[in-house]
Amino acid sequence: MKKYFFTKLSGAGNDFILFDKKYNPDLELNKDIIQKICKRNTGIGADGVLVINENSNEDFALNYFNADGSSGTLCANGSRCAIFYTFDSGLAKSKIVKFIFNDDVYSGEVIEDEIVKFNFNSPGKMKFNFKIKASNQLINASFVDTGSPHVVIEIQEVLKDYKDLSSFYNDINNFPVVELGKEIRFHKDFMPNGVNVNFIKVENDVIKIRTYERGVENETLSCGTGTVASAIVINKIKNINPPLKFIAKSGDTLIVDFAVDNGEYKNVSLTGPAKIIFKGEITF
Ligand SMILES: N[C@@H](CCC[C@H](N)C(=O)O)C(=O)O
């Protein structure tokens, strides 16, 4: 058993345990340890784990693991937290940083105290306005891969009772995010990898969003890649121009900005709160 130093951070309510290899050179994680430390009630409790490594070309390298120990896809709120941590700890020499994540180079910026911007690379596969069979009905949905795969559904597209064609959901607070999110996350149409599922409601100049996250297997208080996927869907199918303002389940505000050039999404960014909650030591 060894002692490791960690920092707990929150990116708009999406929470992470961060290990800096500089202070934990012997750190070795596996699925079992990640699941134990992320478990609420008996562990530190988090949606995921971030590991910061030094890098010879960029300011740092970042590894991300979901709470179930899976990895390989982008985490935007985790990236915003890592950007804040590296600035706060002095690892990054300026407010603007570049870093490696899953072999790609990303950048970000501490805009002001605890407000952090993350710059995405251009999105991958996109598919708009298709039907998914779930909850005994055919639901209109869209898909965007922003580095992580996301389904986006407007809550008014879903019937509370499939036999009553006027029973559309209207209140996002009373939407069955976990129930329907889980059904779509494990839907045969998205196998074998599965998908994250975002439910949105456009209300005047803000968009309310709730996300069921793959790898956490629950609703999280915010999801960065899901928020950006939702912004692209709203722009495409509702013709609403950026910047787009989102209110996450946590109540925090996230701003998505981008440019559309010949149908291509460029200069995509996500800005919002990222902060250190506490620092501690753990033995495993
Ligand atoms: N919370 C993240 C997304 C993390 C990855 C996702 N759970 C997946 O496995 O695809 C974010 O803020 O982007």
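**A ligand between two domains**

In this predicted model, the ligand is surrounded by 15 residues, and the closest of them are Ala-76, Asn-77, Ser-148, Gly-224 and Thr-225. Polar residues turn up a lot here: the shell around the ligand splits into ten polar, three nonpolar and two charged residues. As for secondary structure, helix 2 and helix 4 (224–238) each put at least two residues into this shell. Helix 2 gives the largest share, with three residues.

Where does the ligand sit relative to domain 1 and domain 2? The ligand lies between them, because domain 1 (3–121 + 275–283) and domain 2 (126–271) both give residues to the shell around it.

Now for the domains themselves. The chain is divided into domain 1, made up of 3–121 plus 275–283, and domain 2, which covers 126–271. Taken over C-alpha atoms, the centres of domain 1 and domain 2 are 25 Å apart. Contacts between them involve 21 residues of domain 1 and 23 residues of domain 2. On the side of domain 1 that touches domain 2, helix 2 (76–88) and strand 7 (115–119) each contribute at least two residues. Strand 7 brings the largest share of that side, four residues. The make-up of this side of domain 1 is nine nonpolar, eight polar and four charged residues.

Helix 2 thus shows up in both places: it supplies at least two residues of the side of domain 1 that touches domain 2, and three residues of the shell around the ligand.

Notes: Residues numbered from 1 in each chain as written. Predicted model: local features only at pLDDT ≥ 70, side-chain atom pairs only at ≥ 80, totals over all residues. Domains from an automatic or database assignment. Contact = placed C-beta atoms within 7 Å. Nonpolar A, V, L, I, M, F, W, Y, C, P; charged D, E, K, R; others polar. Near = placed C-beta within 6 Å.
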